[in-house]
Amino acid sequence: MTRNRLESLASPVLIVAVAVLGVNDWVLKPAFHNALTGKLSDVAGVAAFALFWAALFPRHRRRAFVATAVGFVLWKSPASQPLIDAWNGLGWGTIGRVVDWTDLLALAVLPLIYRYDPRPLAMPRLRRVLGPAVAAACVLAFGATSQVRLAAIPLEGEYAFDIPPDTVLRRMYDLRAGYNPRDIPPGTMQVSGVDTLHLTVGARYVGERQPVTIRAELARTAQGGSVLRLLDGHAFSSHFIPQEALRSLEEQVVEPLRRNLPNRVHLEPQLIGNQAEIQPRILAPAELFSPRAEVRVSIARPSYLAVVEVTPWMDWKVIYPVDRDDMRLFPAGEHTLATLCARTRPGTPVAPGAEVAPCAVARPMTLADADRLRRQTVPDPCHDDAYKYPIERIRPGALLLIAADGLLPRAVLEETLGTWCQAYPGFAEAELARVLRRMDIHHWAAVEQTLRR
């Protein structure tokens with residue numbers, strides 16, 4: 001790229017657009033977390049992106065604007081999700097976006113700036129300095145605006161319960177209230193009678209539920225009850241709305257605890273595949289400290305079934321089908337699958353933080369275990385020495401239910417999946433699809449469900 005082309009980036013409108021994008025993403029979004037800052041980011045980003053490429057390639061100005069519009073539509077649509085998942089699976093940084101069709105209103109800025117002649121500043125010496133600086137700022141701004149960053153804001157409020165803290169913790173776990181398999185173990189309170197919890201709720205935004213973590217203090221009252229005091233909220237989204245987070249907390253945590261009824265609104269299991277109409281579901285979510293000898297499932301269409309256990313250390317093990325009798329076409333409805341774990345003699349329960357092999361049973365964690373282990377990390381077993389990032393010692397594991405229109409022989413699945421080392425089944429969707437195509441299976445769906453810790 002020539003120096004003259006870099007100097008062409010030193011145009012006032014492009015500088016303003018990049019400055020607005022940077023200030024909005026790094027200052028306004030963390031401060032306000034509302035829809036306005038999200039829309040401002042879209043408008044400034046679209047304008048800066050189009051002007052950036054138009055300035056570098058003035059002969060292809062129209063193509064730069066058209067490509068910006070098409071790319072923005074694809075980025076804001078569900079069609080970009082496989083690409084996002086593939087990138088995030090590489091471990092080189094996490095990107096994301098919220099699918100909100102109203103964001104496409106930002107494209108209205110393109111006709112307004114298309115006629116703008118992006119002439120650089122008239123001062124040659126200033127251009128030579130500002131040109132490369134604007135190029136670097138554009139690259140940083142375009143990358144930063146798509147990065148998933150943790151947003152945090154203070155939250156106020158407290159909720160009283162007439163049951164002791166230990167009972168609150170047990171109910172949270174059993175009812176999936178404030179569901180987080182790492183941070184809400186079926187444990188006991190500290191001796192001091194005060195503990196900090198990380199409650200996960202699904203806060204709805206633009207028709208989808210976004211995971212929000214609310215940090216709260218659980219304390220024992222003088223009357224023998226409990227009080228939950230809110231501290232702050234955290235979300236990997238620029239669209240963090242405090243009022244919606246509080247409403248979700250009351251709906252998914254407070255009311256289930258008070259009424260002793262299951263939370264029905266926790267985040268839905270992740271569905272992958274190309275035949276969503278099969279609607280595979282795991283009806284009896286398992287825990288790592290419970291045997292996985294039987295898995296109760298449901299399907300909306302007749303299908304062949306397979307169940308894979310992904311251990312906390314990312315080993316994949318096919319636990320169903322076990323033999324030829326299991327390789328049959330199941331009718332639509334509910335079924336109980338007797339897995340390979342039914343033939344495994346349960347050993348001594350695995351201590352918290354130690355490796356839990358397929359079908360092995362873990363010992364229930366207490367809050368003291370969780371506090372101790374949360375501060376510890378171990379090398380990532382799924383990367384070589386060049387990319388061995390540390391991971392949390394506390395990991396929940398997962399079950400993966402596959403429903404397909406053809407036979408799912410355990411030996412064939414085991415041959416391929418048994419060599420995998422993937423943190424999340426969703427990231428392995430493309431590879432799983434290739435495996436199934438080799439097995440002459442073209443219509444399938446799978447659901448991933450966490451094995452609670």
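So, a charge sits over a ring if NZ of Lys or CZ of Arg is within 6 Å of the ring centre and within 35 degrees of the ring normal. With that in hand, Arg-258 lies over the face of Phe-161, 5.3 Å from the ring centre. There's another case at Tyr-114, where the charged end of Arg-61 sits over the ring, 5.4 Å from its centre.

Quick housekeeping. This is a predicted model, so local features need pLDDT of at least 70 and side-chain atom pairs count only at pLDDT 80 or more, while totals for chains, interfaces and linings use all residues. Residues are numbered from 1 along each chain as its sequence is written, and side-chain values use heavy atoms, with hydrogens and water left out.

Back to Phe-161, which belongs to strand E2, residues 158-161. Strands are DSSP runs of E, at least two residues, helices are runs of H or I, at least four, and both are numbered from the N terminus. Which way do the side chains of E2 point? They alternate: Tyr-159 and Phe-161 go to one face and are buried, whereas Glu-158 and Ala-160 go to the other and are not. Buried here means under 20% relative accessible area, exposed over 50%, and partly exposed in between, with a 1.4 Å probe and protein chains only. E2 pairs with strand E5, residues 226-235, in the antiparallel sense over four bridges; pairing takes at least two DSSP bridges. Ala-160 stands opposite Val-227 in E5.

Now the aromatics. Rings of Phe, Tyr and Trp (its six-membered ring) pair if their centres lie within 6.5 Å; planes under 30 degrees apart are stacked, over 60 edge-to-face, the rest tilted. Searching the whole structure turns up five aromatic pairs. Why is Phe-49 with Trp-53 called edge-to-face? Because the ring centres are 6.1 Å apart and the planes are at 65 degrees. Both residues lie in helix H3, residues 35-56, four residues apart, about one turn. Trp-53 also forms a stacked pair with Phe-57, at 6.1 Å centre to centre and 10 degrees between planes. Add Phe-52, and ring pairs link Phe-49, Phe-52, Trp-53 and Phe-57 into a cluster. Phe-49 is partly exposed at 33%, Trp-53 is partly exposed at 33%, and Phe-57 is partly exposed at 31%.

Last stop, helix H8, residues 165-175: its buried residues are Pro-165, Val-168, Leu-169, Met-172, Tyr-173 and Leu-175. Right after H8 comes Arg-176, with a positive phi near 55 degrees.
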